[in-house]
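Me: I have a structure in front of me and would like to learn how to read it. Could we take it one feature at a time?

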Amino acid sequence: MEPFQIVEQTNTLRLGDWEQRCPGLVVGFTLRSGGYSEAPFHSLNLGLHVGDSPERVRKNRERLCQALGFPFDAWTCAEQVHGTTVRQVTATVRGAGRAQQETAVPAVDGLYTDEPGILLTSFYADCVPLFFLDPQKRVIGLAHAGWKGTVGGIAAVMLQALADSYGCTPSSLLVAIGPAIRGCCYEVDERVMEHVRRLPCDWEACVRAAGAGRYMLDLAALNQQILLEAGVRSSMISRSHYCTACHPELFFSHRRDAGRTGRMASFIGWKAKGVTSQS
Ligand SMILES: [Zn+2]
């Protein structure tokens with residue numbers, strides 16, 4: 001069953017299971033519709049780094065915050081460099097990057113926190129969004145995994161960071177893998193495959209040959225294998241079936257749109273006490 005459900009009023013896909021299990025938790029992934037941006041960023045582009053008008057991106061972000069019931073000040077994001085560094089977010093970092101790319105948490109592809117009133121966000125147009133939740137310790141995290149981050153093991157880096165910072169064990173965590181380009185549309189070459197083959201997990205389940213030196217790679221499935229190898233229980237992992245390249249009406253896709261396109265956002269946050277939901 002698809003773990004992400006479309007909520008049309010907010011132009012988002014929501015992890016209904018997690019939100020029902022944890023009152024006050026808001027978690028999901030945006031759709032491309034319902035924003036102010038013009039082509040080729042039409043219309044809910046949430047990336048400030050893609051050449052869109054910063055005013056429109058800000059309006060799009062503010063609209064999403066309002067729809068989710070968070071103040072814009074809570075929006076916190078990182079610079080994303082296809083690396084494997086993750087960082088803890090505390091009140092002093094809250095709001096980083098919300099209106100200007102220059103103030104984003106620098107050179108980081110994963111953010112995590114246990115503080116309420118912070119909306120963690122990260123940006124996508126095919127890469128794999130990873131969501132982390134320890135429901136007992138109320139720890140949440142997001143990680144951005146393109147092919148470099150995936151083979152670099154950002155999923156496992158996040159698990160280690162959550163263990164070091166909060167004592168979370170892999171077996172206590174829920175992990176969700178959001179919409180991303182899938183094996184139907186993501187062709188890679190030997191340059192990528194030589195890294196994939198070195199992974200100490202069942203990577204062969206995630207690849208099929210597509211002619212001389214060409215392969216169709218399912219990065220979402222590969223992240224799932226890495227998470228299983230790191231000790232996350234299979235029953236605790238939810239994986240979306242949506243392919244961003246297959247659904248131009250729902251998603252931006254870097255590969256499909258030849259690089260000139262907008263960005264969806266993944267988001268996760270605990271509502272601050274006393275804030276009521278509008279979504
Ligand atoms: Zn596809």
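Reply: We will go through a metal site, some salt bridges, a helix and a few backbone details. Keep in mind that this is a predicted model.

Me: Let us begin with the metal. Which residues coordinate the zinc ion?

Reply: Look for the atoms that hold the ion. Here the SG atoms of Cys 184, Cys 185, Cys 243 and Cys 246 coordinate the zinc ion, at 2.3 Å. Along the chain, these donors follow the spacing C-C-x57-C-x2-C.

Me: What arrangement do the 4 donor atoms make around the zinc ion?

Reply: Read the angles between donors. They run from 103 to 115 degrees, so the arrangement is tetrahedral. Four donors count as tetrahedral if all angles lie between 85 and 135 degrees.

Me: How accessible are Cys 184 and Cys 185?

Reply: Partly exposed is the class between 20% and 50% relative accessible area. Cys 184 has 47% relative accessibility, so Cys 184 is partly exposed. Cys 185 has 25% and therefore falls in the partly exposed class too.

Me: Next, the salt bridges. How many does the structure hold?

Reply: The general idea is that side chains of opposite charge can pair when their charged atoms come close. This structure holds 8 salt bridges. One of them joins Glu 19 and Arg 14, with the closest N and O atoms 3.0 Å apart.

Me: Are Glu 19 and Arg 14 buried or exposed?

Reply: Both Glu 19 and Arg 14 are buried. Now take another pair, Glu 190 and Arg 197, whose closest N and O atoms are 3.2 Å apart. Glu 190 is partly exposed because its relative accessibility is 34%, and Arg 197 is partly exposed at 35%. Arg 256 also forms a salt bridge, with Asp 257, at 3.0 Å between the closest N and O atoms. Arg 256 is partly exposed at 27%, and Asp 257 is partly exposed at 23%.

Me: How do I check a helix such as α2, and what should its 15 residues span?

Reply: Compare the expected span with the distance between the end C-alpha atoms. Helix α2 covers residues 54-68, and at 1.5 Å a residue it should span 21 Å; its end C-alpha atoms are 21 Å apart, so the two agree.

Me: Which residues of α2 are buried?

Reply: They are Val 57, Asn 60, Arg 61, Leu 64, Cys 65, Ala 67 and Leu 68. These residues cover an arc of only 165 degrees around the axis, so they lie on the same side of α2. On the other side, Glu 55 and Gln 66 are exposed. The cover over the buried residues of α2 includes β2, β3, β4, β7 and β15. Just after the helix, Gly 69 has a positive phi of about 80 degrees.

Me: What should I look for in the backbone of the loops?

Reply: Most residues other than glycine have a negative phi, and most peptide bonds are trans. Look for departures from that. The peptide bond from Ala 39 to Pro 40 is cis, with omega near 0 degrees. Another cis bond runs from His 42 to Ser 43, with omega near -5 degrees. Pro 40 lies in the loop between β3 and α2, and Ser 43 is in the loop between β3 and α2 as well.

Me: Where is Gln 80 found?

Reply: Gln 80 sits in the loop between β4 and β5. Gln 80 is not a glycine, yet its phi is positive, about 55 degrees. Its relative accessibility is 17%, so Gln 80 counts as buried. Ala 107, in the loop between β5 and β6, has a positive phi near 50 degrees. At 39%, Ala 107 is partly exposed.

Key. Residues are numbered from 1 along each chain as its sequence is written. This is a predicted model: local features need pLDDT of at least 70, side-chain atom pairs count only at pLDDT 80 or more; totals for chains, interfaces and linings use all residues. Side-chain values use heavy atoms; hydrogens and water are left out. Donors are N, O and S atoms within 2.8 Å of the metal (3.2 Å for Na, K and Ca); water is not among the atoms, so sites may look incomplete. Four donors count as tetrahedral if all angles lie between 85 and 135 degrees; four count as square planar and six as octahedral if opposite donors are over 155 degrees apart and all others between 65 and 115; anything else is irregular. Buried means under 20% relative accessible area, exposed over 50%, partly exposed in between (1.4 Å probe, protein chains only). A salt bridge is a side-chain nitrogen of Lys or Arg within 4 Å of a carboxyl oxygen of Asp or Glu. Helices (H or I, at least four residues) and strands (E, at least two) are DSSP runs, numbered from the N terminus. The expected span of a helix is 1.5 Å times one less than its number of residues. The arc is that of the directions from the helix axis to the C-beta atoms. Contact means heavy atoms within 4.5 Å.
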